[in-house]
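Ready for a few exercises? Please have the sequence and the 3D view open side by side, and try each task before reading its solution.

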Amino acid sequence: MPLWFVRLVRSFLTDRKTTLIIDSVETAAHQLNASVPQGSLLLPILFLFYNAPLLETLNQTDIPLALVGFADDINLLTYRHSTTTNCQNLQQGHTKCLEWARTHGMRFALAKYTLTHFTRRRGFDLQAPIVLPEATVQPEPSVKILGLILDTRLRWKEQERAIQQKMQTQKLALQRTTAST
């Protein structure tokens, strides 16, 4: 990492303070010891640097995983001939993620875990869960990945429905702005 970049990031993340306004009264300034300012343009870039070792770790295993992600949203994908094998691969990938998290002081939000089996073939157990040490993740009929909704059969019905809903909302907003008074 170039020294100028390290210095830039250090200056951006150190000596930060915040105040709170509660019932129109502002509190004294409090020192912030962690975190990147919400909405910062550096946030996605810093997350990529921070998560790079995790992605490298998962890419260097013999577990057949594909990784998709941006900033703090990481998706593990696996493609095999049975949902049982896929679930085992995801369990192994999760174990690698937990090992990385322990060494980096990280925690994963289990409430955000989503499992969806994709296939158009019959004979697959689309209800096979992933059993993790912390929880069992049941499959869902669709998943949202980086804003795109994918359904189990990859028929795009959920994505189409979401777009139609958004278009209806936009249409109503336009009608209100052009209505006569």
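Below are six exercises, each with a worked solution.

This is a predicted model, in which local features need pLDDT of at least 70, side-chain atom pairs count only at pLDDT 80 or more, and totals for chains, interfaces and linings use all residues. Residues are numbered from 1 along each chain as its sequence is written, and side-chain values use heavy atoms, with hydrogens and water left out.

**Exercise 1. Helix α2**

Compare the span of α2 with the expected one, then find its bend and its buried residues.

Solution. Start with the terms: helices (H or I, at least four residues) and strands (E, at least two) are DSSP runs, numbered from the N terminus. The expected span of a helix is 1.5 Å times one less than its number of residues. Because α2 has 18 residues, it should span 26 Å, and the 25 Å between its end C-alpha atoms agrees.

Next, look for the bend, which is the angle between axes fitted to the seven residues ending at a position and the seven starting there. In α2 this angle is about 45 degrees at Asn51, and the proline Pro53 follows within four residues.

Last, sort by accessibility: buried means under 20% relative accessible area, exposed over 50%, and partly exposed in between (1.4 Å probe, protein chains only). The buried residues of α2 are Leu42, Leu46, Asn51, Leu54 and Leu58. Their cover includes α1, β5 (66-70), β6 (73-77) and α3 (83-104), where contact means heavy atoms within 4.5 Å.

**Exercise 2. A nonpolar patch**

Which residues make the nonpolar surface patch of about 470 Å²?

Solution. Apply the patch rule: members have over 30% relative accessible area and no salt bridge, with like charges joined within 9 Å and nonpolar side chains (Val, Leu, Ile, Met, Phe, Trp, Tyr) within 5 Å. Areas come from the Shrake-Rupley method with a 1.4 Å probe, and for residues only the protein chains shown count as cover. The members are Met1, Leu3, Val6, Ile45 and Phe49. Helices α1 (3-13) and α2 (42-59) are the elements that give two or more residues to the patch.

Now check one member. Phe49 is found in α2, and its relative accessible area is 40%, so it is partly exposed. Leu43 also lies in α2; at 23%, Leu43 is partly exposed.

**Exercise 3. Helix α3**

Repeat the span check for α3 and say what its buried residues pack against.

Solution. The 22 residues of α3 should span 32 Å, and the end C-alpha atoms are 31 Å apart, which agrees. Among the buried residues of α3 are Asn86, Leu90, His94, Cys97 and Trp100. The buried residues pack against α2, β6 and β7 (130-131). Just after the helix comes Gly105, with a positive phi near 65 degrees.

**Exercise 4. A salt bridge**

Which side chains meet in a salt bridge?

Solution. Side chains of opposite charge can pair when their charged atoms come close. The rule asks for a side-chain nitrogen of Lys or Arg within 4 Å of a carboxyl oxygen of Asp or Glu. By this rule the count is 1. The partners are Arg161 and Glu158, at 3.1 Å from N to O. Both lie in helix α4 (157-178), 3 residues apart, about one turn of the helix. Glu158 is partly exposed, because its relative accessibility is 30%.

**Exercise 5. Positive phi**

Where do Asp23 and Leu154 lie, and what is the phi of each?

Solution. Most residues other than glycine have a negative phi. Asp23 has a positive phi near 50 degrees. Asp23 lies in the loop between β2 (21-22) and β3 (25-26) and, at 73% relative accessibility, counts as exposed. Leu154 also has a positive phi, of about 55 degrees. Leu154 is found in the loop between β10 and α4, and its 32% makes it partly exposed.

**Exercise 6. Two residues to classify**

Are Thr152 and Gln159 buried or exposed?

Solution. Take Thr152, in the loop between β10 (148-151) and α4. At 12% relative accessibility, Thr152 is buried. Leaving out residues up to four places away in sequence, Thr152 touches residues including His117, Phe118, Leu126 and Pro141.

Then take Gln159, in helix α4. Gln159 has a relative accessible area of 14%, so it is buried. Beyond its neighbours within four places in sequence, Gln159 is in contact with Gly147, Leu148 and Ile149.
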